[in-house]
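Welcome, and thanks for taking a look at this one with us. Please have the sequence and the model side by side as you read the notes below.

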Amino acid sequence: MLVDKLGQVVDALIFDVDGTLWDSVDTCVEAWNQVLDTHSKETKRVDRPTLQGLFGKPMDVIFQNIFPGMPAEEIDRLSNYCIEAENILLDEKPGISYPGVKEVLKNLSKHARLFIVSNCQSGYVEHCMSALDIEGYIEDFACFGDNPVSKGQNILAIMEKYDLQHPVYVGDTAGDASACEEAEIPMIFASYGFGKVEKPWMEIASFSELENMVK
């Protein structure tokens, strides 16, 4: 039985992907720049610091930040190319798992239901689960590409679908914290990831700490 620090039984853990389970930034940067070289008149290219700082946001929002003023139709066009390029390149160069992810999920799955909710495109979560060999531990997932609503709403959808009473979300950005506020659930902040969260409810400096934080 898993019990949080408030003494409530945790019936589920819901995970973010980027900056929490794995790091695929370098692969995505390569895929995006391939697209920009081939399909865009923009001279600017993306780099790791820029893209990492925007990870966790929907693709259209990322483009709006990188290329302010770009017409919506151009964002849609390039987004589709980037999604396709990412999914192809991830087969060859998958993201890098954070230490202990598979082993910890295997152990946690014996005590709580495990889910993923991400702002990523369709097909991305499947790439992550396959590359990390964790499909057997994740019961279900929701993502922006399949259901284009806020991350908080996708968390609530998973909660309603599976009648989750006391889930906890594990993520690494302020956007994750805002989603947890929207869904009214606690968040464990993965401080090893890409973002910062002010006064997190709980914090882990490595994924392996998760077993000891919720016990």
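Let us begin with Arg 77, which counts as partly exposed because its relative accessibility is 32%, a value between the 20% and 50% cut-offs. Please keep in mind that this is a predicted model. From Arg 77 we move along its helix, then to a buried tyrosine, two loop residues and the chain as a whole.

**Arg 77**

- You will find Arg 77 in helix α4.
- Setting aside residues up to four places away in sequence, Arg 77 touches His 39 and Ser 40.
- Between the C-alpha atoms of Arg 77 and Lys 44 there are 17 Å, with 33 residues separating the two along the chain.

**Helix α4**

- Helix α4 covers residues 72–92, and its 21 residues should span 30 Å at 1.5 Å a residue. The C-alpha atoms at its ends are 30 Å apart, so the helix agrees with that expectation.
- Which residues of α4 are buried? They are Ile 75, Leu 78, Ser 79, Cys 82, Ala 85, Glu 86, Asn 87, Leu 89 and Leu 90.
- The cover over these buried residues of α4 includes β2 (22–23), α1 (25–39), α3 (59–66) and α6 (124–132).

**Tyr 124**

- One of the elements covering α4 is α6, and Tyr 124 has its place in that helix.
- Is Tyr 124 buried or exposed? Tyr 124 counts as buried because its relative accessibility is 2%, and the cut-off for buried is under 20%.
- Leaving out neighbours within four places in sequence, Tyr 124 is in contact with several residues of α4, namely Glu 86, Asn 87 and Leu 90.
- The other contacts of Tyr 124 under that rule are Val 17, Asp 18, Trp 22, Ser 24, Cys 28 and Phe 55.
- Val 17 lies 107 residues from Tyr 124 along the chain, and their C-alpha atoms are separated by 9.3 Å.

**Two loop residues with positive phi**

- Asp 163 is not a glycine, yet its phi is positive at about 55°. This residue lies in the loop between α7 (151–162) and β6 (167–171).
- With 54% relative accessibility, Asp 163 counts as exposed, since the cut-off for exposed is over 50%.
- Lys 199 is not a glycine either, and its phi is positive at about 50°. Look for Lys 199 in the loop between β7 (187–190) and β8 (202–204).
- Lys 199 counts as exposed because its relative accessibility is 81%.

**The whole chain**

- Nine helices and eight strands make up the secondary structure of the protein chain.
- How does the radius of gyration fit the chain length? A compact globule of 215 residues would have a value near 17 Å, and the protein chain has 17 Å, so the two agree.
- Along the principal axes, the C-alpha atoms fill a box of roughly 55 × 30 × 30 Å.
- Of the 215 residues, 50% count as buried.
- Taking contacts between residues at least 6 apart in sequence, 65% join residues at least 24 apart.
- The protein chain has an accessible surface of about 10100 Å², and carbon and sulfur atoms account for 49% of this area.
- The chain carries 17 positive and 36 negative charges, and the mean positions of the two sets are 4 Å apart.

Technical notes. Residues are numbered from 1 along each chain as its sequence is written. This is a predicted model: local features need pLDDT of at least 70, side-chain atom pairs count only at pLDDT 80 or more; totals for chains, interfaces and linings use all residues. Side-chain values use heavy atoms; hydrogens and water are left out. The radius of gyration is taken over C-alpha atoms; the globule rule is 2.2 Å times the number of residues to the power 0.38. Buried means under 20% relative accessible area, exposed over 50%, partly exposed in between (1.4 Å probe, protein chains only). Contact means heavy atoms within 4.5 Å. Accessible areas come from the Shrake-Rupley method with a 1.4 Å probe; for residues, only the protein chains shown count as cover. Lys and Arg count as positive and Asp and Glu as negative; His and the chain ends are not counted. The place of a charge is taken as NZ of Lys, CZ of Arg, CG of Asp or CD of Glu. The expected span of a helix is 1.5 Å times one less than its number of residues.
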